[in-house]
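Biologist: I am learning to read structures, and I would like a slow, close look at one part of this one, with each term explained as it comes up. Please begin with a single side chain and work outwards from there.

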Amino acid sequence: MNFQEIVIETKNLTKYFGDFIAVNNLNLKVFKGEIYGLLGPNGAGKTTTIKILVGLLKQTSGEAYILGEKIPPPESIRQSISYMPQDIGLYMDLTVKENLEIWGGFFNIPSTSLSKKIQNLLKFMAMESFENEIVSKLSGGMKRRLSFACSLINDAQLLFLDEPTVGVDPELRVSFWEYFMELSKQGKTIIFTTHYMEEANRCDRIGFMYRGSLIAEGTPNYLKEITNTSNLDDAFLLFSRKQGNDKVDG
């Protein structure tokens, strides 16, 4: 795919927590319509990066831009952004439907449109029979489904998904990816984190993060080709052994 319009850009983005460097001089560009995956072990800086980009954390130094606006994004840009956190951010004492209604209210979606959106999302998530269930009574997988549904309620142009398929059954994971591909065709951009290397293979590009640094970036096939490996797990191991020196692009 030939991407032209930059929707996410970071310039030497850095985040310290005390003496710990969570994100280290990150330079990143993500293009409109792209599915971009951030991969790396726990503590690599993936979630911290996303939280900075959506305005939940302030960077220590460096710059970042979302849809052409410097972060933290202004309210007009926030309406075009959706964020699914790794930690499930739901109202546990409310029903499934009430959670979706609240999220729709955050984005000022008219009640008539919201009702239809909710029914469509419940159908897509196979949660129609759970709409009046209290969230605290749901299984972990069902909570992940609902969290994903909430992130889709505002029909965002830019989606940040932090491990969206954790705890989701394989069949629904396939449905999620079919939906990701459809959103990409519509010109919407997805940046997400994952531990599933088979998912990473479906991305347009991926970035390997290690100890806060972007140590390699490119298409899945490119990263496997230049490391002479047959899978992304082995490719990542080779890059990580270099301690993040000499970032590779492709």
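Does Phe148 count as buried or exposed, and at what relative accessibility?

Modeller: Before answering, I should say that this is a predicted model, in which local features need pLDDT of at least 70 and side-chain atom pairs count only at pLDDT 80 or more, whereas totals for chains, interfaces and linings use all residues. Residues are numbered from 1 along each chain as its sequence is written, and side-chain values use heavy atoms, with hydrogens and water left out.

Phe148 counts as buried, because its relative accessibility is 0%; the word buried means under 20% relative accessible area, while exposed means over 50% and partly exposed is what falls in between, using a 1.4 Å probe and the protein chains only.

To see what surrounds this side chain, we can turn to its aromatic neighbours. The whole structure holds eleven aromatic pairs, where the rings of Phe, Tyr and Trp (its six-membered ring) are paired if their centres lie within 6.5 Å, and the planes are called stacked under 30 degrees apart, edge-to-face over 60 and tilted for the rest. In one of these pairs, the ring centres of Phe148 and Phe180 are 5.8 Å apart and the planes meet at 80°, so the pair is edge-to-face. Phe148 sits in helix H5 and Phe180 in helix H6, 32 residues apart, so that distant parts of the chain are linked; helices (H or I, at least four residues) and strands (E, at least two) are DSSP runs, numbered from the N terminus. Phe180, too, counts as buried, at 1% relative accessibility.

A second pair can be described in the same way. Trp177 and Phe192 have ring centres 5.4 Å apart and planes at 75°, so this pair is also edge-to-face. Because Trp177 lies in helix H6 and Phe192 in strand S8, the pair ties together parts that are 15 residues apart in sequence. Trp177 is buried at 1% relative accessibility, and Phe192 is buried with a relative accessible area of 0%. These side chains belong to one aromatic cluster, formed by Phe124, Phe148, Phe176, Trp177, Tyr179, Phe180 and Phe192.

From Phe192 we can step across into the strands. Phe192, in S8, stands opposite Leu161. Strand S7 (residues 158-162) and strand S8 (residues 189-194) run parallel and are joined by five bridges; two strands pair if DSSP finds at least two bridges between them. In general, strands of a sheet pair through backbone hydrogen bonds, in either the parallel or the antiparallel sense. Together, S7, H6 and S8 make a right-handed β-α-β unit, where right-handed means that, with the strands pointing away from the viewer, the path from the first strand over the helix to the second runs clockwise.

S7 deserves a little more time. Five of its five residues are buried, so the strand is largely enclosed by the rest of the structure. The side chains of a regular strand alternate between the two faces of the sheet. Here both faces are covered, with Leu158, Phe160 and Asp162 buried on one side and Leu159 and Leu161 buried on the other. S7 also runs parallel to S6, to which four bridges join it, and Leu158 is the bridge partner of Ile81.

Helix H6 also leads us to an open space. The second largest pocket is lined by 13 residues, and those nearest its centre are Lys117, Leu121, Leu152, Asp155 and Tyr179. Helix H4 (111-124) and helix H6 (170-185) are the elements that give two or more residues to this lining. A pocket, on a 1 Å grid over the protein atoms alone, is an open set of points where a 1.4 Å probe fits, with protein on both sides within 12 Å along at least five of seven lines, and a lining residue has an atom within 4 Å of a point. The second largest pocket holds about 220 Å³ of space, a volume being the space filled by probe spheres set on the points, which are joined across faces, edges and corners. Its lining divides into six nonpolar, three polar and four charged residues; Ala, Val, Leu, Ile, Met, Phe, Trp, Tyr, Cys and Pro count as nonpolar, Asp, Glu, Lys and Arg as charged, and the others, Gly among them, as polar.

Helix H5, where we began, helps to line another space, the largest pocket, to which helix H2 (75-78), strand S6 (81-84), helix H3 (96-106) and helix H5 (140-151) each supply at least two residues. S6 gives the most to that lining, with three residues.
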